[in-house]
Amino acid sequence: MTLVSISGNLLFIAFVCYLVATLFFGGAVKSSTKKVATSEKRWGRIGITITIIGFISNLGYFVTRWIAAGHAPVSNLFEFTTAFGMMIVGSFILIYFLYKTPLLGLFALPIAIIIIGFASMFPTDINPLIPALKSYWLYVHVITAALGESILAMSAVAGLIYLTKNIDLTKRSKQRFWLEAVMLTLVLVLGFVASTTTFKVMDYEASFNYIDKEGKADEITYNVPPIFGMNEYEALTPGTMTPLAETPPIVNAKKLTTVTWSLIFGLVLYGLIRLIIRKPIAALLQPLAKKANSQLMDEIGYRAVLIGFPVFTLGALIFAMIWAQEAWSRFWGWDPKEVWALITWLFYAAFLHLRLSKGWQGEKSAWLAVIGFIIIMFNLIAVNLIIAGLHSYA
Amino acid sequence: MNKIMCACGHENPEGTVLCGSCGRPLTEEAENQKLVDMRYEGSARRSQTFNKSIVDKVWNFFSSVKVGVSLIVIILVAAAIGTILPQVFYVPATGETEIAAYYERVYGTFGKLYYQLGLSDLYGSWWFQTLIGMLGISLIVASLDRVIPLYKSLKKQRTRRHESFMKRQRVFGIGENTLGEETFAKSEEQLKGLGYNVKHEDGAVLGEKARFSRWGPYINHLGLIIFLFGVMLRALPGFYVDETMWIREGETRAIPETPGYYLKSNEFILETYDKEQADEVFNDAIERVGTIASNYQTDVVLYKKPEDALPGQTDKLEEVKKDSIQVNEPLKFEGFAVYQMDFRLDELRSMQFNLSNKATGESLGDLSVDLVEPEMSYDLGNGNKVELLGYYPDFTGFENGEPQTQSPIPNNPAFLVKMTTPETPKGETSFVAIKQTVEPFGDNKYKLEFQNVETRDVSGLTIRKDKTLWILALGGLIFMIGVAQGSYWNHRRIWIHETKDGQIAVAAHTNKNWLSVKKDLDQVTLVANLPPYIDQHDLEALEEKKDGEKSS
């Protein structure tokens, strides 16, 4: 067995551990009435033990891949996103030992699972480093930034629990709508994983010639059936689906097609879930969330931002600026990824000020934490895939 | 200024909400509150006290957190809008008309609108910079408005606080004194064990921990102000140099904006990962992506012109050092840094020609023309000579019989030459390009034939000097210290005192992380048998407790 395949197996073990641990945390929460506190403790202890085993295996993946590649596995979208998922679990373990709340695991682990699943949809080959990435600042900057983001993500987890518990789901309201929208978004990510996996298993491939936005001819290969065709496309693979529509040159029809398939799969999946459980997903989770102490969830949400904000600043702004000065000759260049890191930072700065001075606690604070996580994910996914920039290799 | 005299005898400045010494509420509003507002210790802030003159109004505007947060949010939204389309400096076009055309051509009507609204240069716009400036002012004013009164108030605080202050704390408990005097001794010992600074006087104990964390926000604001100041300094001449230079292999050029430094490029190196040599684990990636670059490098020699050299004299350059400039490894000297930023491969360097007799094919000699600084005349011996009448480095064709060149870069060099031999003493004229020969004045006896080209690579380098970097670094460092101080420590206080009727009252306050201060208080409670406390904010816990009491 090569180091690379060992690495892959360790990641798989970690993934399975997180799934199993989620079930145990579920058990811990279900049994947490005052009378059976010992049962909660026992289930919780098993849950956290499995989580830690998974985390160690996950670290094993990271280290073995590092050794195999000769550089830290944070240099492409798969590697970075996987590392981010791993750090979310790490941050959860940290918070768990501070506050001993199994409920947090029940929400945090599925999010980590979805993120790692999402990551593995991208090419998993080990890339050699391009000149711009050949610097030890790659490790320092990327790992610190991801760590900061993962701790900040914990505040969103606590916020989500707070909202699931406290929003009245029996009445139609804006809050109920948006909470369910958050749940739907998570299902849509699963839709992306499901559609990509389905067509990967089918080994689907369709190539086209097209004219890009600069007017040059190019070739592109789809791995999903082409719903949208590129500008002035010309099919090269016989026997594949004919695109239903052609997009203007600035729109990447391949990406649009991938998004559309994710939406289709995601919405079908969501529809099925709703058919089976006969109520909103949030309502399914609410009885579990009800066991949370709102004050504690609020405190965890705030504490996570307090712990994560300085780490994020250091990694995503300060180390980033030092590296940018070395590599690109300027510490700041308004590259989209940089700008979105600044936006994230400004957002959490606003969060802290609102909380401190305007007394935005409880529900408002919980919403802000969730929005903060959405901004982080936007910077991770959309800025890489949609907005072109210097960071688009990551 | 009107002073407010508290019942305890402490004199407070106008605008104080809670007496700085004993904590008694001094305003009617504070007296009516169930819990006191402990932000800034209820001290007198300028912005909350005066609102008459213009200065007051401006001060109050900028000291408001609402204004600060609004500025943050506006900047955040603006910054996001700037990422919808690439900014002008990332667009492959120069000049206003060309840039405007680019946005319209590539992004359509939306692109045109984006450009016309100035969003394509959003971060450099006056309004965006004004917003940043306002945020800077807000940082200064808001910090001063709070830190000074807060500092005074925390310095003046008394160990024994007034009961009205105690019972309005979020964590509060009152009950019987079961241990008598020992309560205080035991509390004191336990608090000291937990790392608290303890004062015991007047029948009261105050344990205080990590007061310095209260200064964190102001220190991090100071760091940000220093950072913004550094950024502003860059606009002044002499603080900041940003130049680019193209240098060809073999060339020696003056480095722009430097005091007498010259750079010679020995070689430009472009390396890629190839499947045979690169590590096996990279094979899949190389196969999928194709060529992946591994190194961009310019090998250079840095020279300095001697002090006594005449301007323009370059023959006596002194070598300073040899270096290889790579991405991530700039050449550094005297505060300057030279970066590998760009390259052009295989620019034509020289062209070789052969002069021959058309009829016999006899060769009369070869010549090589440097394409950057061509010599005008080439003597081939035996009375054979070639003269350049015209040089067109980037030949595009003829216009009205005149050869045209579109740039001074030798992309497609062409020459108008005069060939003189003993047989043709008046000379014959010919136009030669790489695969083209035109004889404008009829048939020639001799021909100048293109043989070969020599090429070389060109390195694109960026030269930077940034004297503000240390200021920015200092600002960043101070920010990090401040933000860590404010986030990772929290100011905790625990008050324990005996009331007039002999009961024990406890109260605790922290600026954040209530769980920890409660844990601390739990430990003290256990040892000193203090009365149980309640968290007057945790409504759920209060309700549970009520339920528990009812059922029991």
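# Notebook: a predicted two-chain complex

**Confidence.** I began with how far to trust chain A: its mean pLDDT (the predictor's confidence in each residue, from 0 to 100) is 89, and 96% of the residues score at least 70. This is a predicted model, so I kept its cut-offs in mind: local features need pLDDT of at least 70, side-chain atom pairs count only at pLDDT 80 or more, and totals for chains, interfaces and linings use all residues. Residues are numbered from 1 along each chain as its sequence is written, while chains are lettered from A and ligands numbered from 1 in the order in which they are written.

Where in chain A is confidence lowest, and where highest? The low is strand β4 (residues 234–235) of chain A, with a mean of 84, and the high is helix α5 (residues 137–166) of chain A, at 94. Helices (H or I, at least four residues) and strands (E, at least two) are DSSP runs, numbered from the N terminus. I wrote myself a reminder: where pLDDT is low, the predicted coordinates should not be read in detail. Chain B averages 87, with 97% of its residues at 70 or above. For the complex, the predictor gives an ipTM of 0.90 and a pTM of 0.89.

**Chain A overall.** I counted up the elements and got 11 helices and 5 strands in chain A. Its C-alpha trace spans about 70 × 50 × 50 Å along the principal axes. Next I looked up the radius of gyration, which is taken over C-alpha atoms; the globule rule is 2.2 Å times the number of residues to the power 0.38. For 394 residues the rule puts a compact globule near 21 Å, and chain A agrees, with 22 Å. Half of it is inside: buried residues are 50% of the 394. Buried means 20 or more other C-beta atoms within 10 Å of the residue's own, exposed means 12 or fewer, and partly exposed is in between, with C-beta atoms placed from the backbone. I also checked contacts (C-beta atoms, placed from the backbone, within 7 Å). Among those in chain A between residues at least 6 apart in sequence, 76% join residues at least 24 apart.

**Two domains in chain A.** The bounds, which come from an automatic or database domain assignment, are 3–169 + 280–385 for domain 1 and 194–279 for domain 2. Their C-alpha centres lie 30 Å apart. The contact takes 6 residues from domain 1 of chain A and 5 residues from domain 2 of chain A. On the domain 1 side, helix α8 (residues 281–289) of chain A gives the largest share, 3 residues. That side divides into 6 nonpolar, no polar and no charged. Here nonpolar covers Ala, Val, Leu, Ile, Met, Phe, Trp, Tyr, Cys and Pro, charged covers Asp, Glu, Lys and Arg, and the others, Gly among them, are polar.

**A little sheet.** I then followed three strands of chain A: 3 strands form an open antiparallel sheet in the order β2-β1-β4. Why do β2 (217–222) and β4 of chain A each have one side without a neighbour in the sheet? They stand at the edges, each with a single partner strand, so that side is left free of a neighbour. Strands pair if DSSP finds at least two bridges between them. Strand β1 (residues 206–211) of chain A has 2 bridges to β4(A) and 6 to β2(A). I noted N209(A) opposite E234(A) in β4(A), and F208(A) opposite I220(A) in β2(A). β1(A) and β2(A) form a hairpin with 5 residues between them, and G215(A) in the turn has a positive phi of about 85°.

Side chains in a regular strand alternate between the two faces of the sheet. In β1(A), the covered face has A206(A), F208(A) and Y210(A), and the uncovered one has S207(A), N209(A) and I211(A).

**Chain B.** Chain B has 13 helices and 24 strands. A compact globule of 552 residues would come out near 24 Å, but chain B has 40 Å. Its trace spans about 130 × 60 × 60 Å along the principal axes, and buried residues make up 32% of the 552.

**Where the chains meet.** How many residues of chain B are in contact with chain A? I found 51, against 47 residues of chain A. Helix α4 (residues 65–81) of chain B supplies the largest share of the chain B side, 9 residues. That side divides into 30 nonpolar, 13 polar and 8 charged.

Conventions: Contact = placed C-beta atoms within 7 Å.
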